[in-house]
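Work through the exercises below with the coordinates open. Each task is followed by a solution in steps.

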Amino acid sequence: GEYYNTIKINKDYIQEHAFYYGSPIWENNDLSAQVTEEKKYSATSNVGLIQASDYIKSNTNVAQCGTLKLLTTNQSSCKATSWMGRDLVSKFYWSLSPFPNNSYALVVPDKSGAMGGGWAFAASGGVAPVVYLEPSVILSGLGTKEDPYTMPIKTSELKNKVGTDGLAADPNTEEDGRYVYQGANPNNWIKFNNEEWRIVSLEEDGTLKIMRASVLEKRAFDIVNHRTTGYCSKDSYLNAGCAVWAQTDNFVLATELLSGKVDTDSSLKTYLNGEYYASIKFNKDDIQEHAFYYGSTGIGNSTVPGATNLSSMVEEEKKYNANSNIGLVQPSDYIKANNNISICGTAKLQMSNRTICKENNWMNQGNFVDQHYWTLSGIAHGDVGTNVIRVHGDGYLLNEAAAFSQSIVPVVYLKSDTLLQGKGTQDSPYIILES
């Protein structure tokens, strides 16, 4: 009921199971006989309590503590050799087993290390919930307090960690149900393709957006003379490249001063979804083909609404999308990765407060320090369609001609049913499990 409903993570691994609640014989000196008595009655449920025999079996000193009678006689020494007595008992806590010859009480482990009777209707005992895990669960870890066993979680379950690990609701209230990692070093590390990657966001559809944790070799967004017709036909484009990610029938710059057909994809999109995609050797089946948004938007010195309003930036980005396996970050992804939205929550604010904004954004830390890398969007400025927005190494968004070489940080989406194991730290990153 109420407690079961509070379980948010790993709930799918709970196996509904029989819990045994028969009454043991008091001062019984035969453990097998006690278990037989307990098993006379059972009820199937998701959550229960320990049996009296579980407490006895947790003791390593079987010779002196292996039955109810021995436990009562040697309670002090038995407490020291049972993890259930040592770690859990402050007063007493309930078991499933009724106290013999008394229908109002239950057998309970108490702080002395023995087992006694607690009045079921009046005493206030501790509750140590018990569940059974299904047999297919894969555990990792050493089982120590410092490195406990951990179970896999689905990518879609990460939302239950909001408020921890640097995971927060998307600061753009128009994207309800989306969650992003923020701050200088959140616990968003994940191993993909046998490399360090980082989680950008948990999407509304349950997919996980991740980006490589280090840059690839520098490349142009769009090489010289790659596209020379329609939207990309202005003379300046022949030397500067065209700042549109993907083919589309009619691309309109956010300033509405330039429009036209884009006949083919950018050279960078072609490379990432061809040669680079072919080079991925591990976890390839976990990639979800996904929409990547590439509408033009503004940066600090632009006049379009997206420069000064995060919701407007996202709206401008989402005017155009193309499905593919590999993409890049959106400009808004970079802004949302900052945990100081009040002074870094727009492109204009980030340009003005670049030093502090850089310190609070993991996309500018670690391997990204002093790196300039491409985003998906062209800059909306006048009637110029050659410049692409990039993440600048000094901590803000700037632009560069599409034909210039900048660093590349690939982005993929992982399927919503992908299983993860780990802590998300750099030392213990999430590992993708075979489903």
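**Disulfides and overall form**

At 1% relative accessibility, Cys357 counts as buried. The model is predicted.

**Exercise 1.** Find the partner of Cys357 and state where the two residues lie.

Step 1. The sulfur of Cys357 is 2.1 Å from that of Cys344, which is within the 2.5 Å limit for a disulfide.
Step 2. Cys344 belongs to helix 12 (residues 341-344) and Cys357 to helix 14 (residues 354-359), so the bond ties together parts 13 residues apart in sequence.
Step 3. The torsion about the S-S bond is about -95°, so this disulfide is left-handed.
Step 4. Cys344 is also buried, at 0% relative accessibility.

**Exercise 2.** List the other disulfides and give the pairing in the chain.

Step 1. The whole structure holds three disulfides.
Step 2. Cys65 is joined to Cys78, with an S to S distance of 2.0 Å. Helix 4 (residues 62-65) holds Cys65 and helix 6 (residues 75-80) holds Cys78, so parts 13 residues apart in sequence are tied together.
Step 3. Cys232 is joined to Cys242, also at S to S 2.0 Å. A torsion of -60° makes this link left-handed, and both cysteines are buried.
Step 4. With the bonded cysteines numbered in sequence order, the pairing reads 1-2, 3-4, 5-6.

**Exercise 3.** Compare the radius of gyration of the chain with that of a compact globule of 435 residues.

Step 1. The globule would have a value near 22 Å.
Step 2. The chain has 30 Å.
Step 3. Along the principal axes, the C-alpha atoms fill a box of roughly 95 × 40 × 35 Å.

Technical notes
Residues are numbered from 1 along each chain as its sequence is written. This is a predicted model: local features need pLDDT of at least 70, side-chain atom pairs count only at pLDDT 80 or more; totals for chains, interfaces and linings use all residues. Side-chain values use heavy atoms; hydrogens and water are left out. The radius of gyration is taken over C-alpha atoms; the globule rule is 2.2 Å times the number of residues to the power 0.38. Helices (H or I, at least four residues) and strands (E, at least two) are DSSP runs, numbered from the N terminus. Buried means under 20% relative accessible area, exposed over 50%, partly exposed in between (1.4 Å probe, protein chains only).
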